[in-house]
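Me: Please take a close look at one helix pair in this model, and describe how the two helices pack and what surrounds them.

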Amino acid sequence: MTDDSAHESGSSPDAADALRARWSDALVAARGDDATGPDPLPYADNLLARWAEPQRRYHTTAHLTAVLDRIDTLAGHADDPDAVRLAAWFHDAVYRPDRSENEERSAALAERALPEAGVPDAVTAEVARLVRLTVTHDPADGDTNGEVLCDADLAILAAAPKEYAAYAAQVRDEYGFVPDEAFRGGRAAVLRQLLGLPRLFRTPHGFAEWEPRARQNLLTELELLTR
């Protein structure tokens, strides 16, 4: 990792400390019982600095925290919940709204950082695979790690209406450089693609608890965009 680790995370001290602790727990667990490695905290601070970059409105430390919370809810479904947690940290670590290679660059960052941090090659490869999976949010049947990460990342779609509206506004702000008509058309296409999926959520909990509200939120946003 780079010397960016000294940057401020942009979140409150208590929230940042809580995130650092969650990173440390996941990293140490991923190393394995007998493994050692460097201090986890500089890696956490580097990632927190990335998540606090000024171009972000939705893809912030608040989103990271929410994804980690949802992974905790779904952890019993995953084969390796700590690998999924590490993937959450990296899945939007590189984020430029005007570029299409964010997931690939985020996965490559994981492939560089995790071996240096003492994570075994097999776990590193799984983390990178999971990060790349967030391009499509379409895990294969039986890919329980992928199902947990994708469900956790998409859980915002099932938020209460006011929170969902705030999420939609934040996404629009991130794409402020896109003219309104073009954004509305592109966003509507994304919403239609999501609504066309047989199911948005692949875990049993996600499908039972989040699917109905998420579909209603998507339909409402699509209606507002296409009036």
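**The packing of H3 and H4**

Reply: In this predicted model, the crossing of H3 and H4 is right-handed. Two packed helices are described by the angle between their axes and the distance between the axes. For helix H3 (residues 61–74) and helix H4 (residues 81–90) the angle is about 165°, and the axes lie 9 Å apart. Since angles over 145 degrees count as roughly antiparallel, H3 and H4 are therefore roughly antiparallel to each other.

On the H3 side, the contact is made by Leu64, Val67, Leu68, Ile71 and Asp72, which meet Pro81, Val84, Arg85, Ala88 and Trp89 of H4. Sorted by character, the residues of this contact comprise 8 nonpolar and 2 charged, with no polar ones.

Trp89 also links this contact to its wider surroundings: leaving aside neighbours within four places in sequence, Trp89 is in contact with Leu64 and Leu68, and also with Leu19, Trp23, Ala44, Leu47, Leu48 and Trp51. Of these partners, Ala44, Leu47, Leu48 and Trp51 are among the buried residues of H2, a helix spanning residues 41–51 that is mostly covered, with 9 of its 11 residues buried. The buried residues of H2 pack against H3 and H4, as well as against helix H1 (13–31) and helix H5 (102–116).

The largest nonpolar core has 63 residues, and those with the most contacts inside it are Trp89, Trp23, Phe90, Leu114, Val127 and Leu157. H4 supplies the largest share of this core, with 7 residues.

Terms used:
Residues numbered from 1 in each chain as written. Predicted model: local features only at pLDDT ≥ 70, side-chain atom pairs only at ≥ 80, totals over all residues. Heavy atoms only, no water. Axes fitted to C-alpha atoms, helices over the stretch in contact; angles between N-to-C directions. Helix = DSSP H or I, 4+ residues; strand = E, 2+ residues; numbered from the N terminus. Parallel < 35°, antiparallel > 145°, perpendicular 65-115°, else oblique. Left-handed = near helix turned anticlockwise from the far one by under 90°. Contact = heavy atoms within 4.5 Å. Nonpolar A, V, L, I, M, F, W, Y, C, P; charged D, E, K, R; others polar. Core = buried A, V, L, I, M, F, W, Y, C linked by side-chain atoms within 4.5 Å. Buried < 20%, exposed > 50% of the residue type's maximum accessible area, 1.4 Å probe, protein only.
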